[in-house]
Structures are given as C-alpha cells and as structure tokens.
Amino acid sequence: KMAAAAGTAAVAGLWSEVNRCGQNGDFARALKSVNKILQINKDDVTALHCKVVCLIQNGNFKEALGVINTHTKVLTSDVIAFEKAYCEYRLNRIESALKTIQSASQQTDKLKELYGQVLYRLERYDDCLAAYRDLIRNSQDEYEEERKTNLSAVVAAQSTWEKVVPEDLGLREATYELCYNSACALIGQGKLNEAMKKLQKAEELCRQSLSEDSDVTEEDIEAELAIIHGQMAYIMQLQGRTEDALQLYNQIIKLKPTDVGLLAVIANNIITINKDQNVFDSKKKVKLTNAEGVEHKLSKKQLQAIEFNKALLAMYTNQADQCRKLSASLQSQSPEHLLPVLIQAAQLCREKQHAKAVVLLQDFAEQHPANAAEIKLTMAQLKIAQGSVTKACMILRSIEELQHKPGMVSALVTMYSHEEDIDSAIEVFTQAIQWYQQHQARTNHGCCVFQPKSPVHLSLIREAANFKLKHGRKKEAISDLEELWKQNPKDVHTLAQLISAYSLVDPEKAKVLSKHLPSSDTMSLKVDVDALENSHGATYVRKKAGKLTGDNQQKEQGQGEVKKKKKKKKGKLPKNYDPKVTPDPERWLPMRERSYYRGRKKGKKKDQVGKGTQGSTTTGSSELDASRTASSPPTSPRPGSGAAVSATSNVIPPRHQKPAGAPATKKKQQQKKKKGAKGGW
C-alpha cells in the first residue's frame, strides 16, 4: 500500500509539472514529464493525448502521427481526430486529413476551422467559402478577424484562378491582410490601377501596425512587405512596365525572404520577362523554382505555369531533349492543354522539321476538337513559313467559328490576293456576308423578319465592293453597292461609287442615278478660302494686292530684322560699256573661234601653235565647213565682206575693250592668289 501511495504521489507531481510547463509554453520539459508518466502507465489516454500535443507544439508532426497510429485502440477518432488531421495537414497529406475530418463523429469548431484550411489547399473554393461563412456566422471569439481574412483569401483565389466575379462581402479593410486579398481579387478582374491603390494602402497599414512594436526592425518590416511588393511588381509587369517590375523583383530577391513560394513566383516572373534574352540569368533564377516545399506553397496553375516556362527555357537554351521531356510530362498531366503540344511543335520548327510539327498539331486537333481553332491557326502559320500560302488558306477556312470574323476575312483576302486567286478572295467575302445574313434573321410569329444590317455586315459588303471594283469585277460590285445604297439612301459616297461603276457598264443607268445626287448648292461647303490659304501648313498662300499699312510695314520690317534676305548681286559691266551699242552676240566664244578673228599680227618669229580643243585643226577648217560654201548663206559676218557688216561694225565689242590700268589689276589678282595658296595645300 505504501508503494502504491508513493507511486500515486509521484504521478501527481509529474502531472503538476506537465501543467506548469504547459502554461509556460515549455513543451519540451512537459514532454519529459509525460514520458515518465507513460513509463508508469503506458496506456494512460490522457498522457498519450498530452504527448501528441507536446510533439505537435514542438513541430514533430511525423512522430506525433506515429504515436497516434501506434495506439489506435486507446486513442480513438473521437478523442484524437483533430490532432491526427492537423498532423496530416502539416505533413501535406491533404487528402488524408480530409478523410480524417469527415470520419469524425462530432464536428467541433476546431475541426471546422481545419476543414476550411484543407478545402482551400485542395482548391475547392466554393465549399471553402461556405465553410468559412458558417464559421463566421456561428462563432464569437477573438479569432473573428482571422476568419474574415481567410474568407477574403478564398474570394481572391476564385477571382484569380477561376475568373469568378467576386461578390461584395462587406468586409471592413482595417488590416493590411484584408487590403492585400482585396487587391488580389481586383487583379483577377483586370482592375490593375485599383489593385495598385489597394496594395499601397496595405503597405501603409503594414508599416503602421509593425512600427508600433519596438522589437520589430526595419529589416523585419521589409521582409513582411516582400509579398506586397511582389504583387506590385506583378501589376507593373502586366501594365508593360517591365523595367520597373524587374527592378522591384530583384530588390525582393536581395532580401532573401524565407517564403520559398514567393521566391519561386518572382523567379518565374523574371524568366517570363527575359524570354529568349539573358538566358544565363534565367538559368540561375530557375533554381529558385526547384526549392524544397515549393509544390506545397503554390496553386496547381502556378506550378503548371512554372513547368511550362522551364520547357520554354530549355528550348531557348538549345536543350532539345530536356524540352521534349518536360513538354511530354506536361502533356501527360494535362492532355487537353494547348501549351505542351505547342512547345513540342516549336522545338521541331527550331530543328527545321516543319512537316513533323504540322502532323503533330493535326493529330492534336483531331483528338481535341474543342481546341482545334488555336491549333489550326498555328498550323496555318507554319504553312505560310514554308511558302504554302494556298494550303494555309485552306486550313484557315476550315475553322468554322472564325470564318465570318473581319480579321479572318481580311487575312484570307490578303493571302489570296498575294497568290492572285481573286475568285477565292471574292468567295471568302460572299461566305462571310451570307453568314451575317443568316444569323441576322429572327423569327417573329412564324414570319422571318430581317433587322437592319449590323455595322460589321455593312463594312464587309463595302470592302467586297471596293475589292471587286479594284479587280475589274464591276457587275458584281454594282450589286453590293446597290445593297448598301438601299440600306442608306442618303449615303452620297455610296451613290457616287454606284454611278461611277454604272458609267463603265450602263451609262444610261448612271445618268438616271445621277439625278439622285444633291445639287451643287446643297453640297457646297461654307469655307473661308482666305482663312484656309493663310492657315498654318498651307502649301500655297495668295499674295494680297495693295500697299501695306503702317502696322503691316512695321511688321514686315520687324520680320526683316529677324531674318535678312540675301540680295542678288548685279553683274559688273565694263567701264566703257555703252548701252546704245548692241552687245556682240559672239562675246561668249573664245576669240579664235569668232567669225571676225584675223589671226596673230605679222612679224611674230614663233611658229603658229594650234589652239582650241584637243584634235581640232587651225588650218583648212573653213574649207571643210559645209556652212561656208557658196550655196549656204552666212550665219555671221565674215571679215572683209562689207555687205554683211552693220553700221556699228567699226566699234570694238565690250568683250574686247580693255579698261585702263589693266596690267595693275592683273598683278593684284596674282597677289590675291598667292595669299590664298598659303592656306590650301
């Protein structure tokens, strides 16, 4: 009895120690005391339960789960359901945690809270939203703010990943977490400017709340703000401000945050900015996406996007085998997804295997008709790259849901025109116009009633008419123009086109239609011609007649002071120039080529040297000149023939007159030339 009493006293002391350590948060010492109790009584339910709690508090989730699974007979699901589910949740065994929660006989508030977290990790956002709404409605404690934060996170995830328009929950954004989640929801809706303002508000609230704690340093604040800044950089990237986004991303990486999920997302976004440039930096950044635990921090779509970018990076770095391996793995995970097959086709094109790429895309389009349109567009692009424009047109025309789109019609017409296949181009126009005619009709009380044609329909008819006129199909163009004119009889431009077309085919019809044109008086535009001519940018300005007034003269003088016009210098005349004497018509010819040149004076000892251009002769030229024969009248007076000399023939021409002091002038010119030669060569 005394031994039993001593053992009971020892157990009571140990329980007191466990209680005291638990209150102080010293779960390591508490665990030692619990183990001593279990040595005395190994099947003590309370002791086993306390041991599991101590292990969870110390972060030993795997060991705690081992204790639970070892003592299943003692620790039944009713006793230990929450702890077991929590351990599975923390060990990322999310499906097992869900089963444990659902198998519990009683759904406590703790299990409901954990249930919401599990649903969020499983991306079952609708069920998660309902769970948190029920918790908020039926709970009144100090954790209400945390539940509202989780609720706003669910709404943000729906907006981002499921493109669901979020409903207004009426949450007061008093904390930076709520502001941040609200910003994420706005990003999902594409409201980037509003989202940026929310993030700026979240940053301000975060600084205020953390600065109140004296133990928090500036580095701690920056670390907490990292996720907000990361989202800001993402908005900048979406807005096309890639340089600003890249700078902010790199600043966050320098802080070395402990959140591996944040680092992986930032590294992925930097890789998308780099694309096929700066691949060495991208290869460094991709290592951050491979960190341990990343797969448990990000959503499925985020992880998928990272894997896609890894495959693209492998293609850009010419790692063909790695690219094929990654894209094949992605295709096996998501057989209906477009990107894996597009990456494989791109890799084949880089290897100059265009035919294989087309076959690959064709097979995918046949297996997945829902995604056939995007695949066929890529196939057409490959055909164009190969020079098979006609085959590309055939592929594009097989996309029924895009045949009537203006962009598709324009592309097909341009391609057929390039191939000079005008009939096929007109057929494209005709099919698109017929599609709009069929889909514009509506049934009203058994009768088919046609609404006025849509702007797109009318635009297609006009483009078809212009195309036909351009390529000489006037009769076909006339029917289109008549259709347009019926829709809008007041359209003068269409009427003018119609008259112009008829004038080449049926002039009488053109005359009849011309009567519908408005009169010249009604068409005259009230234009101030003077104001138009004097306007800025007019190429022609009519000069006003009449003298300038005093103000205008001053204005002209002022303009002259700003920019002086260069006056043309008058040509210098000889000093003995006589205006009464007619200038010599041969003054521009060299002296020896003039008709009255008599040669050098007699008495010169030097032999006559040939003058003139190279190859010319000085003697006998007159005998060889047919114009100087007796049958031809003289074109200029000859020396010694008095009949052809005028009354002024005795006057020396101005070209031959030498002014007084000519030798001095020549010396001055020679001096000037010498001076100028110093600065030349």
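This report describes the overall make-up of a predicted model and then looks at some of its side-chain pairings.

## The chain as a whole

The chain contains 33 helices and two strands, and of its 681 residues 32% are buried. If one takes the contacts between residues that stand at least 6 apart in sequence, 48% of them join residues that are at least 24 apart. One part of the chain also carries an annotation: the UniProt record, an unreviewed entry, marks residues 226–259 as "repeat: TPR". In the model this span is 76% helix and 0% strand, and the C-alpha atoms at its two ends lie 10 Å apart.

## A glutamine in helix α12

Q237 belongs to helix α12, which runs over residues 218–238. With a relative accessible area of 18%, Q237 counts as buried, because the cut-off for that word is under 20%. Once the neighbours within four places in sequence are set aside, Q237 is in contact with A245, Y249, N269, T272 and I273. With one of these residues, Y249, there is also a polar contact, in which the two side chains are joined at 3.0 Å.

## Salt bridges

Side chains of opposite charge can pair when their charged atoms come close. The structure holds 21 salt bridges, and the table sets out some of them, with the distance between the closest N and O atoms in each pair.

| Salt bridge | Closest N and O atoms |
|---|---|
| R20 and E17 | 1.8 Å |
| D141 and R147 | 2.7 Å |
| R397 and E427 | 3.5 Å |

The pair of R20 and E17 lies within helix α1 (residues 2–24), where the two residues are three apart and are therefore separated by about one helical turn. R20 is partly exposed, at 42% relative accessibility, whereas E17 is buried, with a relative accessible area of 16%.

In the pair of D141 and R147, the acidic partner D141 is partly exposed, with a relative accessible area of 32%, while R147 is buried, at 5% relative accessibility.

The salt bridge between R397 and E427 can be followed from one helix to another. R397 lies in helix α22 (residues 389–397) and E427 in helix α24 (residues 422–440), so this pair ties together parts of the chain that are 30 residues apart in sequence. R397 counts as buried, at 16% relative accessibility, and E427 as partly exposed, with a relative accessible area of 39%.

Salt bridges can also be linked to one another, and in this structure E203, R207, E218 and E222 are joined in a network of them.

## A buried lysine without a salt bridge

Which side chain of opposite charge is nearest to K51, and how far away is it? That side chain is E63, at 5.4 Å, and K51, although buried, has no salt bridge. The reason follows from the cut-off: a salt bridge needs a side-chain nitrogen of Lys or Arg within 4 Å of a carboxyl oxygen of Asp or Glu, and E63 is 5.4 Å away from K51.

K51 is found in helix α3, which covers residues 45–57. The side chain of K51 does make a polar contact, at 3.4 Å, with the side chain of N35. Apart from the neighbours within four places in sequence, the residues in contact with K51 are L31, V34, N35, L38 and V67.

## Aromatic rings

How many aromatic pairs does the structure hold? There are five. One of these pairs is formed by Y120 and Y125, whose rings are 5.8 Å apart from centre to centre, with 65° between their planes, an edge-to-face arrangement. Y120 is partly exposed, with a relative accessible area of 31%, but Y125 is buried, with a relative accessible area of 4%.

The rings of W435 and Y436 have centres 5.0 Å apart and planes at 80°, so this pair too is edge-to-face. W435 is partly exposed, at 28% relative accessibility, and Y436 is buried, with a relative accessible area of 12%.

Elsewhere in the chain, F61, F82 and Y86 come together as one aromatic cluster.

Key
Residues are numbered from 1 along each chain as its sequence is written. This is a predicted model: local features need pLDDT of at least 70, side-chain atom pairs count only at pLDDT 80 or more; totals for chains, interfaces and linings use all residues. Side-chain values use heavy atoms; hydrogens and water are left out. Rings of Phe, Tyr and Trp (its six-membered ring) pair if their centres lie within 6.5 Å; planes under 30 degrees apart count as stacked, over 60 as edge-to-face and the rest as tilted. Buried means under 20% relative accessible area, exposed over 50%, partly exposed in between (1.4 Å probe, protein chains only). Helices (H or I, at least four residues) and strands (E, at least two) are DSSP runs, numbered from the N terminus. A polar contact is a pair of N or O atoms within 3.5 Å; within protein, one must be able to donate a hydrogen and the other to accept it, and residues adjacent in sequence count only if both atoms are side-chain atoms. Contact means heavy atoms within 4.5 Å. UniProt positions are given in the numbering used here, feature names are shortened, and annotations may be inferred rather than shown by experiment. Lys and Arg count as positive and Asp and Glu as negative; His and the chain ends are not counted.
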